[in-house]
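Let's take a walk through this structure together, one neighbourhood at a time. Have the model open and turn it as you read.

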Amino acid sequence: MRATDILRGLLESALAAQDIAWPVKTTIEPPRDKSHGDLATNVAMMAAKAARKPPRELAETLRQTLAADPRLAEVSVAGPGFLNVTFTPAFWQETVLDVARDGDAYGLLDIGRGVKIQVEFVSANPTGPLHIGHGRGAAVGDSLARVLRAAGFTVETEYYINDAGRQMRILGQSILYRCRELLGEAVAEPDDYYRGDYVRDLARELVDAHGPALLAMPEDAATDLCRLHGERDILAGIKKDLEDFRVHHDVWFPESTLLSAGAVDATFAELRAKKLAFDQDGAFWFATTTFGDDKDRVLVKSGGELTYFASDIAYHADKFRRGFDVVVDIWGADHHGYVPRMKACVAALGRDPETSLKVLLVQLVNLLRGGEQIAMSTRAGKFETLADVVAEVGADAARFMFLSRKSDSHLDFDLDAVKEKSMDNPVYYVQYAHARVRSLFAKAAERGVSVPDADTELLSCLTTAEDLELLRLLEQYPDTVANAARSFSPHLVSFYLRDLAARLHRYYSVNPVLTSGDATLTAARLRLLDAVAQVVRNGLSLLGVSAPDSM
């Protein structure tokens, strides 16, 4: 059982003996000052009113109860009534046995049992290859899904294909323009079109297939042909790029199906019946101010064209009809102003927007090469594609870097730095922790060192400060998974792994392993480090990053 669970259980029993319920705002967490013990809690201060006692008096009563437990080495009262608790070395040594027993399942939880979550991410318009910004969103979404599954939630991932609307028409027109150019027509260059080399390549394929007959077609028919060809080709490329990046979507949902199935009209009718939509100035409006938005929003323009918001409402209504308890939308940070109106949409659909909708914003990536930022513009065709970056630095380095900071923080991605095999490279630093342990075991085998299975007696010699520091951190891994899942923050796993790798490398530098001079101590330390390698491997798998045995 986890240290926090043990302490809470002991405290709950002690409070129940005094007819006191567990206080809602009680915290149990490692203290900032390590000299204060392993865990600290404010339970006495939170329960003092119900107990009708001063916090320190209640804390002293609880201290006496806790001190009788053999798993606790020391319990003290501090300040206005904090309880500081230190567990015995024997308790922490059991963590190695827990990791060895569970293996790849160490850190898997059931806190999400019975809750169905959809994570929708990337969802880039199929108007061009994925760029580096899409890559960050892909890494965040895929890793979040892995973390949520590890915590016991039922998770489905989805890519919303924006295959309808103005941007797709512009794609078709852009390809047709290039077709005319390739067939020798003197045509003026449009201002608003896609300029990448991929557009010229798509046009060349169509010219090879249809020749001048393409230009004999009616304008709308030729544009549709170009659009459909471009959409199919680009979407196939997107799927391939995501596969190479180890990103999986369970569902690919075309926007056009909402229109063909009548889902948009059905949602409009529902809003009108609830008096949450109205006609004004020839347009159809959604009364989002009812739900705190700063102004009402247009759903259908006076010319009959649907806004993006109209499809988004119908799409989210469809998500909830599919039985999801929580839907997670992962958007670029430039969509931050869209969040309030989407919350209004969810409220209008009869769901609690605070619990049913979670929006994660992904900030821009500043891609650097040679110390200079690489300018990117999808429309202008000047951007570094995700495929190019993965081909250059590898999926491991790219994914880890994208997850090295909170998603709504700006990220500098230096292509040269992440290829370095040095401790200054964070992904190398963490992966090397795993490889270092595997190398130790290989050397042990070469030297004929016997490494028996871990047991309580063998592990009892792990008593140094560095031993206990590693043991405590290993024990915190399931909490890290839980916190990352509850807060929808996969970067917490990255933070944890860098901390664990740092402790491992420091441990190796001050604690002899193969050269300890004591066969039992050597075996115990190898088993401790084996547990570290297992947890590193488990954590990296949640990030979609490999754990190499050698580097």
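A residue is called buried when its relative accessible area is under 20%, exposed when that area is over 50%, and partly exposed in between. Keep in mind as we go that this is a predicted model.

With that scale in hand, start at helix α21, which spans residues 491-510 and holds both D499 and R503. D499 has a relative accessible area of 29%, so it is partly exposed. R503, at 15% relative accessibility, counts as buried. The two sit four residues apart, about one turn of the helix. An α-helix has 3.6 residues a turn, so residues three or four places apart point the same way. The side chains of D499 and R503 do meet, in a salt bridge with an N to O distance of 3.1 Å. This pair also belongs to a wider arrangement: salt bridges with shared partners connect K34, E469, D499, R503 and R506 in one network.

How many salt bridges are there by this rule? The count comes to 45. Two further examples are worth a look. One of them joins the side chains of R113 and D110, at 3.2 Å from N to O. Here R113 is exposed, because its relative accessibility is 66%, while D110 is partly exposed at 45%. Another links D408 with K406, again through their side chains, at 3.1 Å from N to O. D408 counts as partly exposed at 38% relative accessibility, and K406 counts as partly exposed at 40%.

Now move to helix α2, residues 43-51. Which of its residues are buried? They are V43, A44, A47, A48 and A51. Looking down the axis of α2, you will find these buried residues within an arc of 140 degrees, so they line one face of the helix. What does that set of residues pack against? The partners are helix α1 (3-16), strand β2 (39-41), helix α3 (55-66) and strand β4 (82-87). Just after α2 comes R52, whose phi is positive, at about 60 degrees.

Next, find strand β6 and, within it, E158. Is this glutamate buried or exposed? E158 has a relative accessible area of 0%, so it is buried. Its side chain has polar partners there: a polar contact of 3.2 Å reaches the side chain of Q118, and another, of 2.7 Å, reaches the side chain of R322. Leaving aside residues up to four places away in sequence, E158 touches a longer list of neighbours, including V119, F121, H249, F253 and Y315.

Follow the chain from β6 (154-161) towards α6 (166-182), and you meet A164 in the loop between them. With residues up to four places away in sequence set aside, A164 touches E255 and L259. For another bearing, look to S311: its C-alpha atom is 9.8 Å from that of A164, although the two residues are 147 places apart along the chain.

The aromatic side chains make a good last stop. By this rule, the count comes to 19 aromatic pairs. In one of them, F87 and F91, the ring centres are 4.5 Å apart and the planes are at 35 degrees, so the pair is tilted. Both F87 and F91 are buried. For F278 and W285, the centres are 6.3 Å apart and the planes are at 5 degrees, so this pair is stacked. Its members fall in separate accessibility classes: F278 counts as partly exposed at 24%, whereas W285 counts as buried at 19%. Elsewhere, F286, F291, F309, W331 and Y338 come together in one aromatic cluster.

Finally, look for charged side chains above rings. K116 lies over the face of F324, 4.8 Å from the ring centre. R438 is placed over the face of F441, at 5.0 Å from the ring centre.

Conventions:
Residues numbered from 1 in each chain as written. Predicted model: local features only at pLDDT ≥ 70, side-chain atom pairs only at ≥ 80, totals over all residues. Heavy atoms only, no water. Contact = heavy atoms within 4.5 Å. Buried < 20%, exposed > 50% of the residue type's maximum accessible area, 1.4 Å probe, protein only. Arc of directions from axis to C-beta. Polar contact = N/O pair within 3.5 Å; in protein donor to acceptor, adjacent residues only side chain to side chain. Salt bridge = Lys/Arg side-chain N within 4 Å of Asp/Glu carboxyl O. Phe/Tyr/Trp six-rings, centres within 6.5 Å; stacked < 30°, edge-to-face > 60°. Lys NZ or Arg CZ within 6 Å of the ring centre and 35° of its normal.
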